[in-house]
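Visitor: Could you take me through one part of this model in close detail? I would like to see how two neighbouring helices meet, and then what lies around them.

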Amino acid sequence: MISAFEPYDLGGTTLQNRIAMAPMTRTRATGSVPNEMMAEYYGQRAGAGLIITEGIAPSDVGRGYPDTPGLWNDEQVAGWRLVTDAVHARGGRIFAQLMHVGRIGDPTLHEGEANVVAPSPVAAEGAIYTHSGPTPYVVPDELDEAGIAKAIGEYAHAARNAIAAGFDGVELHGANGYLIHQFLSASANHRTDGWGVTVAGKIRFAVAAVKATAEAIGANRVGIRLSPGNPLHSIQEVEREELYLALVEALAPLGIAYVHVNEGPELRPLTEAIRAAWPQTLLLKPWTATRRTDASDLHLLTEEVPALGRPVADVLAFGANFIGNPDLVERMRLGLELNELRPQLFYGIGAEGYVDYPTAS
Ligand SMILES: Cc1cc2nc3c(=O)[nH]c(=O)nc-3n(C[C@H](O)[C@H](O)[C@H](O)COP(=O)(O)O)c2cc1C
């Protein structure tokens, strides 16, 4: 009998349980550099089988929000070393989520006010929060062949830096409307060359980014997060099922550690189809309509899906309840109540709502 609370082998990395902390941006970096307070925050949550960090920019131009961290220079590597040491000292494992925001950024955040880059010169609808408040999304520069090669190289470079900083691996952010998802999307990718048009064209950037990262640090240390059906940041997918199954089938021979599905509403059938097509670990952030993921979802790790002959996922990710409960795993194991969340402090400055949530004991 599989238990959520027993160790799991993730591509050679032993997790102490099958519970992952989902990636969550918290805007507590010092500029783009991680700090002692972030080490304290992640160290407090080392009871997770796997911590996936907040989105980390692989390059300056790939950074989308003030006070979010990067992983392109030595100062950032040294800052992340504080974090990985704190987690490892308490028996945890930690992957860095590499998040290139593509068109979801703003020039005022970049050196020399460099414009944002994306598959096509199409702005997302809405506004982004910058140092001067909400600002409408700009029209991005279309990536040319050299720009695409550079962006792919930035994932590999940041992954090497992640290993130098002591991370156990990296997760490419292919979800939630950022660069990789923009290539997958009909609304953000209007290209007429080999990086668009067909399903094969639209998945090409994701596959190339994963391949370059796997070559840089070893496939068993690489995962990718996908969010089929998530319309965030003006994303529209066409031929969704075909798109994601083709992507997973193209990734399968690369032998990476996991695919992380951030499930969309009513899309369990697609999650199950991805599971059936994917030979390695499936990490799932299940869709929950009216509440945060909690202990009532743990059955997904143990309950066999008849059509699959096994459970739908190997590892389950929990988001906001990890913000509010540093000891979430212990609380779920013992059936204890959870702390009340303070969402107004999810993004912000300082220790309040960050490192001050109490443990049960
Ligand atoms: C404050 C906050 C920040 C988030 N930042 C990220 C992020 O950087 N990368 C990402 O892939 N998802 C991000 N997410 C989405 C979470 O990973 C997760 O999918 C979401 O919170 C739903 O899970 P839950 O119901 O357990 O909270 C964020 C969510 C929250 C609440």
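Guide: Happily! Let us start where α6 passes α7 in a right-handed crossing; a crossing is right-handed if the near helix is turned clockwise from the far one by less than a right angle, and left-handed if anticlockwise. On the α6 side the contact is made by Glu241, Tyr244, Leu245, Val248 and Glu249, and on the α7 side by Leu270, Ala273, Ile274 and Ala277, where contact means C-beta atoms, placed from the backbone, within 7 Å. By class, that contact has 7 nonpolar, no polar and 2 charged residues, with Ala, Val, Leu, Ile, Met, Phe, Trp, Tyr, Cys and Pro counted as nonpolar, Asp, Glu, Lys and Arg as charged, and the others, Gly among them, as polar.

A word on the source: this is a predicted model, in which local features need pLDDT of at least 70, side-chain atom pairs count only at pLDDT 80 or more, and totals for chains, interfaces and linings use all residues. Residues are numbered from 1 along each chain as its sequence is written.

Helix α6 covers residues 240-251 and α7 residues 268-277, and they pack at about 25° with axes 9 Å apart. Axes are lines fitted to C-alpha atoms, for helices over the stretch in contact, and angles run from 0 to 180 degrees between N-to-C directions. The two helices are therefore roughly parallel to each other, a label for angles under 35 degrees. Helices (H or I, at least four residues) and strands (E, at least two) are DSSP runs, numbered from the N terminus.

Turning to the strands, β11 (residues 222-226) and β12 (residues 258-262) pair in the parallel sense over 4 bridges; pairing requires at least two DSSP bridges. Here Arg225 stands opposite His260 in β12.

Key. Angles under 35 degrees count as roughly parallel, over 145 as roughly antiparallel, 65 to 115 as roughly perpendicular and the rest as oblique. Two residues are in contact if their C-beta atoms, placed from the backbone, lie within 7 Å.
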